[in-house]
Amino acid sequence: MSDETMIARKEGRAGRLTFNRPKALNALDHDMAMVIEAALDQWRDDAEVDLVVIDAIGDRAFCAGGDIAAVYRAGMAGDSRPGQDFWRDEYRMNAKIAEYPKPIVAFMQGFVMGGGVGVGGHASHRVVGESTQVSMPESGIGLIPDVGGTLLLARAPGHVGEYLGVTGARMNAADALYTGFADCFVPEAEWEAIKARLIETGDITSLPASQTPPEPGSLAPQRAEIDAAFAAPDIHAIVEALEVAGGTFSEKTLKTIRRNSPLSMEATIRLVRMTRAANTIRAALEHEFRFTWRAAELGDFLEGVRAQIIDKDRNPQWKHALDSLPEEDVARMLEPLGPDWAIWEESK
């Protein structure tokens with residue numbers, strides 16, 4: 001296998017993109033995002049490419065998130081630009097996947113988190129298997145569900161999207177199908193044969209119908225409890241609703257909420273609802289970029305990464321306590337950006 005971390009090539013009637021950083025759980029970095037975008041641009045009008053197949057090397061992860069080490073180091077040195085550049089370019093790539101005129105089939109095994117959702121979650125045909133675990137855990141590192149994740153969360157049933165965005169709860173294959181993060185369950189033992197047919201024929205109809213996952217999901221049975229709490233107007237009211245409700249679900253959810261960044265959680269709730277009203281990939285990414293553009297300088301991002309990834313002490317010192325989160329700080333993170341930081345370029 002190639003030494004490239006993102007392998008782009010044509011095979012048969014397909015364009016192929018393969019994550020190739022298995023030891024790093026296929027974490028997506030800036031260069032990999034640019035390879036994906038360049039390949040999509042090249043194949044868009046290529047008559048030899050009927051569809052695109054995205055997959056990953058390794059059993060543990062399709063892509064367990066973005067590789068944010070360089071962004072963290074630059075931010076600690078007082079330079080927010082590398083992070084801003086990365087997110088802008090990544091988001092443009094995410095939109096190209098969502099808006100692509102040819103079928104894109106993503107085979108998502110193992111961990112599909114953050115940046116992995118941004119690649120696989122916007123494909124036109126999203127295949128999951130027995131090992132799939134999908135999540136948007138960014139509130140735990142002082143960020144928000146981005147890469148267009150707020151669009152997927154906004155389209156989930158009821159207020160399940162707010163719950164998933166605030167808590168970062170993991171979804172198995174059944175949950176991913178229920179929430180609209182996936183389209184098709186197929187046992188992973190069948191994937192290579194399916195890929196071979198797609199590559200040989202370029203015929204998207206050779207993708208089999210979805211089967212019933214062997215493991216049931218947890219979100220559908222919890223839907224009533226989720227909606228009862230997460231329909232509340234803000235994070236404070238959600239906490240109050242959970243405290244009043246009591247029970248195992250509420251206790252577990254409150255424990256997670258009290259661990260995550262209050263600023264990120266409140267911004268997540270607002271972003272999901274802003275995107276639910278707009279309901280387009282570009283609106284989602286533009287809204288998310290407001291927060292991530294400011295994340296290193298004004299948010300909890302650097303402290304969250306330090307606590308969870310660098311020092312791993314799991315003891316972040318957030319800027320605000322849950323019960324004293326200033327409205328003006330949340331509003332500042334979500335103010336529109338100026339024209340110098342537009343994400344979009346002229347269509348190629």
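**Notebook: sheets, a helix pair and some odd residues**

I started with strands β3 (residues 51–56) and β5 (residues 104–108), which run parallel and are joined by 3 bridges. This is a predicted model, so I read every entry below with that in mind. For a register point I looked up Val53, and its bridge partner in β5 is Val105.

**The sheet around β3 and β5.** I then traced the whole sheet. It is open, has 6 strands in the order β1-β2-β3-β5-β7-β9, and its pairing is mixed. Which strands stand at the edges? They are β1 (6–11) and β9 (184–185); each has a single partner strand, so one side of each has no neighbour in the sheet. Helix α1 packs on this sheet, and I found it touching β1, β2, β3 and β5. The direction of α1 makes about 20° with that of β1.

**The other sheet.** Next I looked at an open sheet of 3 strands, ordered β4-β6-β8, where the pairing is parallel. Its edge strands are β4 (61–63) and β8 (133–135), each pairing on one side only. From one strand to the next I get an average twist of 15°. I checked β6 (residues 111–113) against β8 and found parallel pairing over 3 bridges. For the register here I noted that Phe111 stands opposite Gln133 in β8.

**Helix pair α6 and α9.** I wanted to know at what angle α6 (residues 160–167) and α9 (residues 219–230) pack. The answer is about 85°, with the axes 8 Å apart. I count anything from 65 to 115 degrees as roughly perpendicular, and that makes α6 roughly perpendicular to α9. From α6, the contact is made by Val160, Glu162, Tyr163, Leu164, Val166 and Thr167. On the α9 side I listed Leu219, Gln222, Arg223, Ile226, Asp227 and Phe230. Sorted by type, the residues of this contact come out as 7 nonpolar, 2 polar and 3 charged.

**Positive phi.** Most residues other than glycine have a negative phi, so I went looking for exceptions. Asn26 has a positive phi of about 55° and is not a glycine. I placed Asn26 in the loop between β2 (14–19) and α1 (30–44). Lys312 also turned up, with a positive phi of about 55° although it is not a glycine. Lys312 sits in the loop between α14 (301–310) and α15. Buried or exposed, I asked of Asn26? Asn26 counts as buried because its relative accessibility is 0%. Lys312, at 55% relative accessibility, counts as exposed.

**A charged residue in α15.** I stayed with α15 (residues 327–333), where I found Asp329. Why does Asp329 count as buried? Its relative accessibility is 16%, and the cut-off for buried is under 20%. Leaving out residues up to four places away in sequence, I find Asp329 touching Leu263 and His320.

**Cysteines.** Last, I asked how many disulfides a search of the whole structure finds. The result is 0. I also looked up two cysteines for burial. Cys63 is buried, because its relative accessible area is 0%. Cys184 is buried too, with a relative accessible area of 5%.

Conventions: Residues are numbered from 1 along each chain as its sequence is written. This is a predicted model: local features need pLDDT of at least 70, side-chain atom pairs count only at pLDDT 80 or more; totals for chains, interfaces and linings use all residues. Side-chain values use heavy atoms; hydrogens and water are left out. Two strands pair if DSSP finds at least two bridges between them. Helices (H or I, at least four residues) and strands (E, at least two) are DSSP runs, numbered from the N terminus. Axes are lines fitted to C-alpha atoms, for helices over the stretch in contact, and angles run from 0 to 180 degrees between N-to-C directions. Buried means under 20% relative accessible area, exposed over 50%, partly exposed in between (1.4 Å probe, protein chains only). Contact means heavy atoms within 4.5 Å. Angles under 35 degrees count as roughly parallel, over 145 as roughly antiparallel, 65 to 115 as roughly perpendicular and the rest as oblique. Ala, Val, Leu, Ile, Met, Phe, Trp, Tyr, Cys and Pro count as nonpolar, Asp, Glu, Lys and Arg as charged, and the others, Gly among them, as polar. A disulfide is a pair of cysteine sulfur atoms within 2.5 Å.
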